[in-house]
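Please consider the following structure, shown for a reader who meets it here for the first time.

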Amino acid sequence: MQRATVQNTSVIDEKYMRRCIQIAKCSLGKTAPNPMVGAVIVYNNTVIGEGFTSAFGGPHAEVNAIESVHNKKLLKKSTLYVTLEPCSHYGKTPPCANLIVEHKIPKVVIGLKDPHTKVAGKGIEILKNAGCEVIIGVLQEECREHHKRFLTFHEKKRPYIVLKWAETADGFIAPSKEMRSTNNPEPFWITNNISRQLVHKWRSEEQGILIGTKTALEDNPKLDVRSWSGKNPIRIVLDKNLKIPSNYHIHKNNQNTIILTSSKKEHKISQYTDYKYIDYSKNTIINICKTLHESNIQSIIVEGGSTTLQSFIDANLWDEARIFTGNSTFKNGIKAPSIKGTVLHKQQLINDQLTTLRNDQEHHI
């Protein structure tokens with residue numbers, strides 16, 4: 001007899017699902033728009049295969065786990081654990097559910113049902129129809145946390161949004177104009193080198209990075225991961241009236257860039273730059289999120305100035321905020337954004353303090 005959904009899972013099931021989540025993190029920042037799934041194959045209470053999702057276009061976690069098993073005959077007597085429902089459609093790769101059936105794996109334990117419209121229970125149905133014992137919902141909350149980017153994209157119809165900024169001990173995000181150089185625009189650092197390297201690591205983990213016009217003009221940032229290894233995020237720039245000069249970093253370095261503008265004219269600076277129209281007259285942040293969702297961008301880190309950051313906060317369109325507080329003071333300048341959220345943790349990075357907040361208020365587009 002088949003089992004469908006089981007609420008009271010065993011300690012053993014949780015143990016192997018926890019391992020699935022652990023190894024899935026190896027693909028953070030590499031799989032989008034696919035989810036970063038982890039899979040473990042167990043025979044006679046021994047792990048005989050593991051796998052996580054390859055970079056986009058490559059094999060999925062279940063495929064990699066099955067391929068890692070030396071003695072494929074054991075698959076007929078094994079249990080496959082996976083953080084997310086196996087896919088049921090042909091994309092860049094064949095359906096994982098069909099592969100599981102092909103190898104006659106008798107039992108599949110799943111963390112979450114896939115909300116993607118192309119899957120949404122169809123993978124589970126394939127497994128059940130083939131006679132597999134299917135258990136759903138093991139470490140469900142932990143799997144939801146792990147798949148938060150993928151789930152936000154498909155359930156809320158917007159990217160997962162991480163806000164990041166650094167502020168001084170007296171609450172300023174940027175100095176006054178008198179303190180800045182007007183001839184050679186560049187960042188004015190509040191944090192130390194360790195904190196700045198951590199930000200580059202974060203950039204490698206998200207699909208896009210967003211800033212406003214003022215930040216682009218005053219800081220002339222590159223928005224890459226030069227202090228870390230990994231993939232550069234897609235640069236997303238709010239440039240309503242196309243004020244950013246063509247010789248600025250945002251238009252260079254062969255890095256994919258999306259310019260969100262109110263201009264409907266055809267523009268092309270390089271093959272890596274894509275211009276998209278945005279209505280800035282009302283609901284700007286909602287329009288940005290809709291456009292990024294249509295562009296298949298699952299997660300962004302917002303590193304804009306205070307106005308851009310506050311706009312996301314006021315629209316209640318954010319999921320995490322990562323706030324550095326340095327020990328320097330400006331006495332005057334641009335005030336840091338005002339935000340309320342649940343404190344997840346605080347961390348000391350030499351002379352910087354990092355506070356991470358979570359937004360517990362649901363907001364769908």
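The questions below concern a predicted model and address an open sheet, the helices across it, and one residue in a loop.

Q: What is the strand order of the open sheet of five strands?
A: The pairing within this open sheet is mixed. Its edge strands, each pairing on one side only, are β2 (46-52) and β5 (133-136). Neighbouring strands are turned by 15° against each other on average, direction ignored. The order of the strands is β2-β1-β3-β4-β5.

Q: Which residue of β4 is the bridge partner of T79?
A: Strand β3 covers residues 79-84 and strand β4 covers residues 107-112. The two strands run parallel and are joined by five bridges. In β4, the partner of T79 is K107.

Q: Which helix lies across β4 and β5?
A: Helix α2 (residues 61-68) lies across β1 (38-43), β2 and β3, at about 140° to β2. Another helix, formed by residues 122-129, runs at about 150° to β5. The helix lying across β4 and β5 is α4.

Q: Is I339 buried or exposed?
A: I339 is found in the loop between β14 (333-335) and β15 (342-349). Not counting residues up to four places away in sequence, I339 touches L163, W165, I313, W318, A321, I323 and L357. Its relative accessible area is 18%. Because buried means under 20%, I339 is classed as buried.

Q: How far apart in space are I339 and L357, C-alpha to C-alpha?
A: L357 is among the residues that I339 touches. In sequence, the two are 18 residues apart. In space, their C-alpha to C-alpha separation is 9.1 Å.

Definitions and conventions:
Residues are numbered from 1 along each chain as its sequence is written. This is a predicted model: local features need pLDDT of at least 70, side-chain atom pairs count only at pLDDT 80 or more; totals for chains, interfaces and linings use all residues. Side-chain values use heavy atoms; hydrogens and water are left out. Two strands pair if DSSP finds at least two bridges between them. Helices (H or I, at least four residues) and strands (E, at least two) are DSSP runs, numbered from the N terminus. Axes are lines fitted to C-alpha atoms, for helices over the stretch in contact, and angles run from 0 to 180 degrees between N-to-C directions. Contact means heavy atoms within 4.5 Å. Buried means under 20% relative accessible area, exposed over 50%, partly exposed in between (1.4 Å probe, protein chains only).
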